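Subject: Structure handover

Hello,

Here is the structure you are taking over. The sequence and model come first, and my notes on what was found follow below.

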Amino acid sequence: MGLLDYHIIYQQLKALAKSDENNSIGDSFNNAFFSIILLERTFLTASNTPKTVIVAENLTKTFRDRKRGFVKAVSNISLTCEPGKIFGLLGANGAGKTTTLRMLATLLEPTRGTATIAGFSIRDDPQEVRRNIGFLSGSTALYGRLSAREMIQYFGKLNGMSGPELTSRINDLVERLEIGEFQNGRCDKLSTGQKQRVSIARSIVHSPPIMIFDEPTSGLDVMTSQTIMAFIEQCRNDSLTVVFSTHIMSEVERLCDHVAIVHKGIIAANGSVRDLYAQTSEPSIEKAFLKIVNGMDTENV
Amino acid sequence: MSRPSLTSTVFLKEIRETLRDKRVILGVIVSPLLVTPLLIGTVLFFAGKKEIEKQASIVEVGIVGHAAFPTLVKRLKTDEGFNAHQFDSREAAKQAIKDRTIRVALIVGENAQTEFSSNNSAPLEILYNFANENSQFAQVQLRNFIGKFDKEALADRIEAASLSEKFAKPTKVETTNIAAGSSAGSFVLGLFLPYIIVMSAAFGGIQTAFDLCAGEKERGTMETLLVTPASRYEIVTGKLLTILTISFIASCCAITGIIAPVAFGLEFFKKLVGDSISINFASIVWMMLIVIPLALFTSSLLLVISSFARNQKEAQTYILPFFSVVILPAVLSTVLGAESHIYTAFVPILNISLTMKQISGDLFDPLYFGISLATSFLYAFLAMRLAASFFQREQILFRT
């Protein structure tokens, strides 16, 4: 079925719903109706998404520090993410991973260079960029005095969703992420695992084609980390494009299709996990990482 | 450009969350509406009670040289308001005041009776302790007693000299207060009401302001909020409206919490101003109107502080300069009269405090009010621009 077919069904259902004065069309029919709208939305997003969904060119970020003067946090980072793939930024603390992701998410403006996300420039069209991404970090980042359902609803509204479309999407997420039991409980009363599930729902409520994870398992226990890892894998299975930063080697080995090793603000190495093994002649990502990073430090000395 | 829908989405969420914060409810609504009237009521009740007790109490008075002025001493000993004690020396009486066995002492001059009988002035001295309020009150009572004695003695002297009573009164003065009872009461109210309203408008939104920005940074929710399609301008507008609403509610609750117990006519206030206090509704509307730019101004300043701070604790440390900026003009308004020079209408916060003073004292000046309102909105606008500019700057939002 093509886009046109969906559109015809959508228009016919809409006309039918309008003429339904006796409300003879049941809830299930309405649900199906909104599922099709969602399907259409996904289809539209997919059809508009270019083949290369993230392209960064010479991204550079300089901060002014009172003591140290101008500090280059990220220098000339260029990367390309293919649709439906997981791209990992691997680096030590302070390497520049978070700054890079924040520039891609339009939270920080690059000092130099640019990037396009789903075809939109981070400089010229930041709102469209934000509309196309979901952002998740290790911090659950929930509003303690809102309920889990209100939390998801709030982010849905901020992403331009409303009415039955939003309700249907929330119901779907509540079911899929097993939030139902505590959906009306205040977020500050939830366990870490429950909070993380709500946080995931919050980040994907608007069905973004691209997910950005900033050290998503940082500070989490093993069980919760596994939930996040499984979610990232699920994103790939759902054909979402994922960029995530980490300093945990096992996560890179398990998840990444493509890895960039970031060190001192620059990309020190780039390629698939196998490519990195080959480049360094090392049998593990940990050893490969250390060889690349130490090699760079020695060169600088 | 700001889309009303997203600004209102942010605003509604912030208001909902804020009104679920027990600290805000306690500080902004419960305290001004229940605790403040209770405090005012309690203070006035005990002040009134003490006043009544004082009026009914018997003053312990010491007399030194009682034999030197029998006419006065006899009257004093028979007066129901005094309990007289004899002392041999000035020092003994002084010590007794210090020991609080007596409250006040009357030192009679050696030839007092002779001077009195010769139609001269009898030398008297009153000893009291200014640092002790009971001694102060006793001194006033003793003076009143002597005043009454003087008046009667003067009448006797005039009669003996076959003169008219008017001989001792070269002028006859009548004083009429043209202020209605409510205006007099409002004047008393106007002494402290502006100060309290300014404080409420300025500090009512502190908790909310710090929670909405510095708190969001601390909890990590700011990042997730900024990564939504809502623009920073929409977000900051929604947050500012929330702080403004809470500040405005705090001010309204403060006005209600102060006026309500006073307006219900406590006995003490009746004694103090001669009538119960009433402020008309028009005055309240004017006060509410002038509070809006004030709340907008202080809310914006609080948002600036909150945006700059990395966390709520840091925001608390920046509050001291803010206190000074707000409190100084507010305190100044209690010193300056309602009829201050027009240039004070250009001084932020002070202009609003003085305008409120004018409103509550029936001294409403449309020109002063107009200038105050216009300049206050201007300052509020500038503060809002500053807050919006702070919120746009990534080096401030992502300070580490």
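Two strands count as paired if DSSP finds at least two bridges between them. By that rule β9(A) and β10(A) are a pair, since 5 bridges join them and they run antiparallel. One of these bridges sets Ala260(A) opposite its partner Asn270(A) in β10(A). The two strands form a hairpin with 2 residues between them, and in this hairpin Lys264(A) takes a positive phi near 50 degrees. Please keep in mind throughout that this is a predicted model.

The sheet in chain A

The hairpin belongs to an open sheet of 6 strands in chain A, with the order β6-β7-β8-β3-β9-β10 and mixed pairing. Which strands stand at the edges? They are β6 (133-137) and β10 (266-271) of chain A; each has a single partner strand, so one side of each is left without a neighbour in the sheet. Neighbouring strands of this sheet are turned by 15 degrees against each other on average, with direction ignored.

At the β6 edge, β6(A) is joined by 5 bridges to β7(A), residues 210-214, and these two strands run parallel. Within that pairing, Ile133(A) has Ile210(A) as its bridge partner in β7(A). Helix α3 of chain A, residues 97-104, packs on the sheet and touches β3 (86-90), β7, β8 (241-246) and β9 (258-263) of chain A. The direction of α3(A) makes about 150 degrees with that of β7(A). Helix α10 of chain A, residues 273-280, also packs on the sheet, where it touches β9 and β10 of chain A. Its direction makes about 105 degrees with that of β10(A).

Chain B

Chain B has 400 residues, of which 47% are buried. Its secondary structure comes to 18 helices and 4 strands. The domain assignment gives domain 1 as 7-38 + 180-397 and domain 2 as 58-168. The C-alpha centres of these two domains of chain B lie 54 Å apart. Among contacts in chain B between residues at least 6 apart in sequence, 73% join residues at least 24 apart.

Aromatic pairs

How many aromatic pairs does a search of the whole structure find? The search gives 14 over all chains. One of the pairs in the structure is Phe82(B) with Phe145(B): the ring centres are 5.5 Å apart and the planes stand at 65 degrees, so the pair is edge-to-face. Phe82(B) lies in strand β2 (residues 82-87) of chain B and Phe145(B) in helix α6 (residues 133-160) of chain B, so the pair links parts of the chain 63 residues apart. Both residues are buried. In chain A, ring pairs link Tyr143(A), Tyr154(A) and Phe155(A) into a cluster.

Cysteines

The search of the whole structure finds 0 disulfides over all chains. Cys235(A) is in no disulfide, and the nearest cysteine sulfur, that of Cys256(A), is 13 Å away. A disulfide requires the two sulfur atoms to be within 2.5 Å. Cys235(A) is buried, with a relative accessible area of 2%. Cys253(B) is likewise in no disulfide; the nearest cysteine sulfur is that of Cys252(B), 6.9 Å away. Is Cys253(B) buried or exposed? At 8% relative accessibility, Cys253(B) counts as buried.

Regards

Notes
Residues are numbered from 1 along each chain as its sequence is written. Chains are lettered from A and ligands numbered from 1 in the order in which they are written. This is a predicted model: local features need pLDDT of at least 70, side-chain atom pairs count only at pLDDT 80 or more; totals for chains, interfaces and linings use all residues. Side-chain values use heavy atoms; hydrogens and water are left out. Buried means under 20% relative accessible area, exposed over 50%, partly exposed in between (1.4 Å probe, protein chains only). Domain bounds come from an automatic or database domain assignment. Axes are lines fitted to C-alpha atoms, for helices over the stretch in contact, and angles run from 0 to 180 degrees between N-to-C directions. Contact means heavy atoms within 4.5 Å. Rings of Phe, Tyr and Trp (its six-membered ring) pair if their centres lie within 6.5 Å; planes under 30 degrees apart count as stacked, over 60 as edge-to-face and the rest as tilted.
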